[in-house]
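Colleague: Could you take me closely through one part of this model, the end of the chain, and then set that part in its wider surroundings? I would like a connected account rather than a list.

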There are 2 protein chains.
Amino acid sequence: MDLGSGLVEKVDGRLARGDQTRRAVLRRAVDIASVDGLEGLSIGRLATELGISKSGLFAHFGSKEELQLATSRAARRIYADNVVVPAYEVEPGLGRVWALSEHWLDYSRSRVFPGGCFFQKVSHEFSARPGAVHDYLASVHSEWMEIVRTAIAEAVERGELAGDPAQLAFDLNAYYEAANLASILHDDVSGYDRARESVRTRLAAAVVPGSPVPW
Amino acid sequence: MDLGSGLVEKVDGRLARGDQTRRAVLRRAVDIASVDGLEGLSIGRLATELGISKSGLFAHFGSKEELQLATSRAARRIYADNVVVPAYEVEPGLGRVWALSEHWLDYSRSRVFPGGCFFQKVSHEFSARPGAVHDYLASVHSEWMEIVRTAIAEAVERGELAGDPAQLAFDLNAYYEAANLASILHDDVSGYDRARESVRTRLAAAVVPGSPVPW
DNA sequence: AAACTATACGAACGGTCGTATTATTAGTTC
DNA sequence: GAACTAATAATACGACCGTTCGTATAGTTT
C-alpha cells in the first residue's frame with residue numbers, strides 16, 4: 001500500500017503555513033465525516049469548529065467535492081498507518097493475516113475515528129451515487145480487499161492455508177464490517193469478540209494441518 | 001415479526017384520501033432514502049417529485065424527524081414482506097435458515113430498494129448520532145438479528161445444526177451485508193455468489209452429520 | 001342546506017448551504 | 001525596510017433547507 005509521500009514541506013522540514021492549516025482542517029474533517037458523513041461535513045461548521053473563516057477554509061480546496069476527496073485521502077492515510085503498516089511488520093503468511101484482523105478490529109474498537117471506520121461510513125453514503133468521491137471510495141475498497149486477499153494468498157503459497165484466497169478475504173472482511181456496525185449502532189463492544197471468534201474459527205478451518213497458528 | 005396491522009382504512013376497505021397521499025409519499029421516500037439517505041431525503045425534493053406542495057406534504061408528518069421515522073417504518077414493512085414472510089413459509093429448521101439467506105440476498109440483488117438494502121444504508125448514516133431515528137434503527141437491527149438467531153436455534157433444537165446460534169447468526173448476517181455493499185459500490189452482482197457460497201460453507205460446517213441439506 | 005373536518009395550497013420566515021469577489025494580513029526575498 | 005507573494009478574512013450572493021401561517025377546496029356529517 002503506497003502511503004503517498006506527497007508531504008509538502010519546506011527544505012528544512014517545517015511545514016508552510018498553509019499546509020499547517022490544511023492539515024488541521026483535514027484532521028478535524030475526517031472525525032466529523034466519520035460521524036455525520038461527507039455530506040454532513042459542511043464548510044461553515046468545519047470553519048466554526050476550527051475558529052477560522054469559512055472563506056479562508058474554502059480557498060484551500062476550491063470546492064466541496066475537493067474537500068470530500070481530500071478528506072477521504074487523509075482518512076486512507078490514517079487507515080493505512082493504523083491497520084496496514086503494523087500488519088506488514090509481521091512476516092508474510094498466516095501470521096500477517098491474523099495481524100491484519102487484529103489491527104483492523106483494534107482500529108475500529110479504539111475509535112481512531114470517533115464514528116467508527118471512516119470508510120464503512122462514507123462508502124455506504126456514496127455507494128449509490130455517481131461522482132468522483134464514489135469512484136475514489138470504490139477504489140479504496142478494492143485496494144483494501146486486494147491487500148487482504150494477497151496476504152491470504154501468501155499464506156496459501158507457504159502451505160499454511162488452503163482454499164480460495166478471494167473467498168476467505170470476503171469472509172474476513174465481512175466479519176470486520178459487521179462488528180464495526182453493531183458496535184457503533186448499539187454502543188457495545190461485544191461484537192468485536194464475536195468477530196474475533198469468527199475470524200479464528202474461519203482461519204482454523206482453512207489451516208493446513210500441522211501449521212503453527214498465531215492465536 | 002409483527003408486521004403491524006395498522007392499516008388505516010374506511011369500513012368498506014377504501015383508503016381515505018389523506019392516507020393515499022401518505023402512502024404514495026412513503027413509497028417514494030423509501031426509494032430516495034435508500035440512495036441518498038434519510039438526510040438526503042429533503043421535503044422539498046420529495047414534494048417536487050410527487051407533484052404536490054411542500055407544505056401539504058409536511059402537514060402529514062409534522063417534522064422532518066417524523067417523516068424519517070415513518071419512512072423507516074414503511075421500509076421495515078417492505079423488508080418483512082420480502083425477506084421474513086417468505087422464509088417463514090418454510091418449516092422451522094435448517095430449511096428456514098437457508099431460506100432466510102436466499103431471500104435476503106434476493107431482496108438485495110433485485111433492488112427492492114434502488115440503493116440496495118435500506119437498513120444498511122440508513123443504519124450507517126445514523127449509527128453515530130443520537131435521536132429517535134437512531135434508536136428505531138438500532139431496534140430494527142436487534143429485531144432482525146434475533147429473527148436469524150431464533151431460526152438457527154430452532155435448527156439446533158431439531159438436531160440439524162450444532163454450535164452457538166448467536167455466533168452463527170453474526171456470521172451469516174455479515175455475509176449478507178458485505179455482499180450488499182460490494183455489489184452497490186462496484187455495480188457488480190458477483191458478491192452475491194460469494195456470499196451464497198460463504199453461507200453454504202458456513203452452514204455445512206455446522207450441519208450435524210446425516211441431516212439433509214436444502215441446497 | 002348548513003356546519004364541520006380533512007386535506008392541500010401558496011407565500012413567506014429565518015437559517016444554512018456552497019461559492020465568488022474583494023480586501024487585508026502575514027511571510028519571504030531582495 | 002520595501003516589494004512581492006501566499007494565506008486568511010470579510011462580505012455578499014442565490015439556492016435550498018425545515019417550518020409556520022393563513023386560506024381555499026373537497027368530503028362528510030348533521
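Modeller: I begin with A:Trp215, which lies in the segment after helix 9 of chain A. The model is a predicted one, and what follows should be read in that light. With 12 C-beta neighbours inside 10 Å, A:Trp215 counts as exposed, because a residue with 12 or fewer such neighbours is placed in that class. Leaving aside residues up to four places away in sequence, A:Trp215 touches A:Trp98 and A:Arg200. The second of these partners, A:Arg200, is 15 residues from A:Trp215 in sequence, while the two C-alpha atoms are 7.7 Å apart in space.

From this segment one can step back to the helix before it and to the neighbour of that helix. Helix 8 (residues 165-185) and helix 9 (residues 190-206) of chain A pack at an angle of about 170°, with their axes 8 Å apart. That angle makes helix 8 of chain A roughly antiparallel to helix 9 of chain A, because angles over 145 degrees are classed in this way. On the side of helix 8 of chain A, the residues that meet helix 9 include A:Leu168, A:Leu172, A:Tyr175, A:Tyr176 and A:Ala179; on the side of helix 9 of chain A, the partners include A:Tyr192, A:Arg194, A:Ala195, A:Val199 and A:Arg202. Taken by class, the residues of this contact divide into eleven nonpolar, three polar and three charged.

The loop between helix 8 and helix 9 of chain A holds A:Asp187, whose phi is near 50°, a positive value in a residue other than glycine. A:Asp187 is exposed, with 10 other C-beta atoms within 10 Å. In the other chain, B:Asp187 is found in the loop between helix 8 and helix 9 of chain B, and B:Asp187 has a positive phi of about 50° although it is not a glycine. B:Asp187 is exposed as well, with 9 other C-beta atoms within 10 Å.

Helices 8 and 9 also lead to the contact between the chains, which takes 31 residues from chain B and 31 residues from chain A. On the side of chain B that touches chain A, the elements that give two or more residues are helix 1 (17-40), helix 6 (118-126), helix 7 (132-157), helix 8 (165-186) and helix 9 (190-206) of chain B. Helix 8 of chain B gives the most to that side, with twelve residues. By class, the side of chain B that touches chain A has eleven nonpolar, 13 polar and seven charged residues.

The arrangement of the two copies can be stated in terms of one operation: chain B can be laid on chain A with an RMSD of 0.0 Å by a turn of 180° and a shift of 0.0 Å along the axis. The two copies are thus related as by a two-fold rotation axis. The same surface serves both copies, in that 100% of the contact residues of chain B recur in chain A. Of the residues of chain B, B:Ala174 comes closest to the rotation axis, at 2.5 Å for its C-alpha atom.

As for the chain as a whole, the secondary structure of chain A comes to nine helices and zero strands. Along its principal axes the C-alpha trace of chain A spans about 60 × 45 × 30 Å, and of its 215 residues 41% count as buried. Helix 6 (residues 118-126) of chain A is mostly covered, since nine of its nine residues are buried; among them are A:Phe118, A:Lys121, A:His124 and A:Glu125. By contrast, A:Arg27, which is found in helix 1 (residues 17-40) of chain A, counts as partly exposed, with 13 C-beta neighbours inside 10 Å. The C-alpha atoms of A:Arg27 and A:Gly159, which are 132 residues apart along the chain, are separated by 42 Å. Among the contacts in chain A with a separation of 6 or more, residues 24 or more positions apart account for 63%.

Finally, a word on confidence. The mean pLDDT of chain A is 92, and 92% of its residues reach 70 or more. Over residues 2-14 of chain A, however, pLDDT stays under 50, and for this stretch the model has eight contacts beyond four places in sequence.

Terms used: Residues numbered from 1 in each chain as written. Chains lettered and ligands numbered in written order. Predicted model: local features only at pLDDT ≥ 70, side-chain atom pairs only at ≥ 80, totals over all residues. Contact = placed C-beta atoms within 7 Å. Helix = DSSP H or I, 4+ residues; strand = E, 2+ residues; numbered from the N terminus. Nonpolar A, V, L, I, M, F, W, Y, C, P; charged D, E, K, R; others polar. Least-squares fit on C-alpha atoms with pLDDT ≥ 70 in both. Axes fitted to C-alpha atoms, helices over the stretch in contact; angles between N-to-C directions. Parallel < 35°, antiparallel > 145°, perpendicular 65-115°, else oblique. pLDDT = per-residue confidence, 0-100. Buried ≥ 20, exposed ≤ 12 C-beta atoms within 10 Å, placed from the backbone.
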